[in-house]
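Thanks for coming, everyone. I would like to walk through one model today, and I will try to keep to what can be read from the coordinates themselves.

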Amino acid sequence: MEWDWAFAFEILPTLGKGIVVTIQATLAGSVLAMVVGLGLAIARRVKNRWIAMPASFFVSFVRGTPLLVQLYFLFYILPDIGILLSPLTAGIVGLGLHYATYTAEVYRAGIDNLPRGQWEAAKAVNLSTRATWQHIIIPQAIPPMIPALANYLVAMFKETPLLAAITVLELMNQARSIANYHYKYVEPMTMVGVFFLLVSIPSVIFLRYLERRFSTVSQ
Amino acid sequence: MSEYWVGYLSLIFKGAVVTVEITLMGCALALVMAFVAGLGRLSSVRPVRWLATAYIEFFRGTSIFVQLFWAYFVLPLLGVPLSPLQAAVLALGLNVGAYAAEVVRGAIVAVPKPQYEACTALNLTRFQELRHVIVPQAFVMMLPTFGNNAIELLKGTAVVSLISLADMTFQAQVVRVQTGSTAMPFFTILVLYYLMSSVIGYAMRRLEDRVTRGLDMTRN
């Protein structure tokens, strides 16, 4: 089987359209994962067990089941209960919720790793709960979290091809339809792999830089 | 009505068996690759180190889905015909093996330096050093992360349904198409996947207790 350069250039614009959707899904999914993850991390710290326990169960359940099945669940079941989402929206919600359970752990570790003395000192100088979080806890907890959060965002980017399974026309699905239409698999599939490597290898180097720049959170 | 559900449930259980099989075979391959590549990255021979690094970065750089499709659709055209099962085990094992290789490397590097010096003092060969001193201590540190890797592999197996391998997710789709019911098949397999990852988590914790027994004095 020969590599056909002419064919590779011919399909490049179509794959480009897929890349745009892949990036949209990654960005929107990241925002959702960061926000929902913070919500989950706070919910797990709440004293009320009726909030903390379901949140903990949700995190362990979502982490223990495949993203693909979660996507199917959202895609096929939400319409049954009257919520109509576009495939892309369902995919973003699925990615966001799945990775929220990972970012929640990062937030938790970041907050737990702060020395107790910081909390005690805040109490000693009579800071309110809000002021403690705003001026003492958050500013110190965030920097060590950055490399771990970035790591999960790269992981999410790599998982976006799964959205093809729920009919989102992202990069992988564009490649698949080209491959099936022309019955040529080598070029489109390889180009998808190369694209992901082209993005993820530099991001690994960038992640190492982040790790050096900020101390890491143990997970 | 209930007889139908029994029939469909047995279909899902059949898929569950396939999922478990793929998980076990994938884990076996991943474990081998983890040690080969993890030790390879620490080799003093430069080409071995490069090869191991290239393998690790390549498989960590793309997702299991892309690798599986590549193995299943492209490799046969390049003259390596693979059955869906072979492609699945190969892609999953190599993918998770790359992540686990970093765990192996990290754990071996984390063994305190005096241990290595003691080996030199006792005139152990490089192999004896690894086999009797370093790996037994590093293995304990690898176990918790290996557990997570095994769960990731289990979750990765769902993707094999897309290359028409009849695993649990595939059978759930079959049930969905035949019954028109969506909640029942997907909810059932979500619970089954969760049970399986809980079992892996529990087994790894037991194994950890077992291998750390008697190590309390020597650790830290």
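I will take the two chains, then the contact between them, and then the aromatic rings.

Let me say at the outset that what you are looking at is a predicted model, so please hear every value that follows as computed from that prediction.

Starting with chain A, the secondary structure comes to eight helices and zero strands, and from the N terminus on the elements run α-α-α-α-α-α-α-α. Along its principal axes, the C-alpha trace of chain A spans about 70 × 45 × 25 Å. Of the 219 residues in chain A, 49% are buried. If we take the contacts in chain A with a separation of 6 or more, residues 24 or more positions apart account for 78% of them.

Chain B also has its count, with eight helices and zero strands, and its elements, read from the N terminus, run α-α-α-α-α-α-α-α. The C-alpha atoms of chain B fill a box of roughly 75 × 45 × 20 Å when this is taken along the principal axes. Buried residues make up 47% of the 220 residues in this chain, and among contacts in chain B between residues at least 6 apart in sequence, 75% join residues at least 24 apart.

Now to the contact between the chains. How many residues does each chain bring to it? Chain B gives 34 residues and chain A gives 37 residues. The area buried between chain B and chain A is about 3200 Å², and carbon and sulfur atoms give 73% of that area. On the side of chain B, the residues that lose the most area to chain A are Lys155(B), Leu190(B) and Tyr194(B), which together make up 19% of what that side buries.

As for polar features, the count between chain B and chain A is 14 residue pairs in polar contact, with both residues at pLDDT 80 or more. The count of salt bridges between chain B and chain A is one, and in a salt bridge the side chains of Glu57(B) and Arg208(A) meet at 3.3 Å, N to O. Which elements of chain B give two or more residues to the side that touches chain A? They are helix 2 (46–61), helix 3 (64–77), helix 6 (126–156), helix 7 (168–179) and helix 8 (183–212) of chain B, and of these helix 8 gives the most, with nine residues.

I would like to pause on Lys155(B), which lies in helix 6 of chain B. Is this lysine buried or exposed? Lys155(B) has a relative accessible area of 8%, so this residue counts as buried. Leaving aside its neighbours within four places in sequence, Lys155(B) is in contact with Arg63(A), Gly64(A), Thr65(A), Pro66(A), His98(A) and Tyr102(A), and with the last of these the lysine side chain makes a polar contact, side chain to side chain, at 2.6 Å.

That tyrosine brings us to the rings, where the count over all chains comes to 25 aromatic pairs. One of them is formed by Tyr102(A) and Tyr152(A), a tilted pair with 5.2 Å centre to centre and 45° between the planes. Tyr102(A) lies in helix 4 (residues 87–112) and Tyr152(A) in helix 6 (residues 129–159) of chain A, so the pair ties together parts that are 50 residues apart in sequence. Tyr102(A) counts as buried at 6% relative accessibility, and Tyr152(A) is buried too, at 13%.

A further pair is that of Phe157(A) and Phe195(A), whose ring centres are 6.1 Å apart and whose planes stand at 65°, so the pair is edge-to-face. This pair also links distant parts of the chain, with Phe157(A) in helix 6 and Phe195(A) in helix 8 (residues 186–213) of chain A, 38 residues apart. Phe157(A) is buried at 9% relative accessibility, and Phe195(A) is buried at 16%.

Rings also meet across the two chains: Tyr183(A), Tyr185(A), Phe65(B), Phe69(B), Tyr72(B) and Phe73(B) are linked into a cluster by ring pairs.

Finally, there are charges placed over rings. Arg176(B) lies over the face of Tyr76(A), at 3.7 Å from the ring centre, while within chain A the charged end of Lys184(A) sits over the ring of Phe7(A), 4.4 Å from its centre.

Methods
Residues numbered from 1 in each chain as written. Chains lettered and ligands numbered in written order. Heavy atoms only, no water. Phe/Tyr/Trp six-rings, centres within 6.5 Å; stacked < 30°, edge-to-face > 60°. Helix = DSSP H or I, 4+ residues; strand = E, 2+ residues; numbered from the N terminus. Buried < 20%, exposed > 50% of the residue type's maximum accessible area, 1.4 Å probe, protein only. Lys NZ or Arg CZ within 6 Å of the ring centre and 35° of its normal. Contact = heavy atoms within 4.5 Å. Buried area = accessible area lost by both parts, 1.4 Å probe. Salt bridge = Lys/Arg side-chain N within 4 Å of Asp/Glu carboxyl O. Polar contact = N/O pair within 3.5 Å; in protein donor to acceptor, adjacent residues only side chain to side chain.
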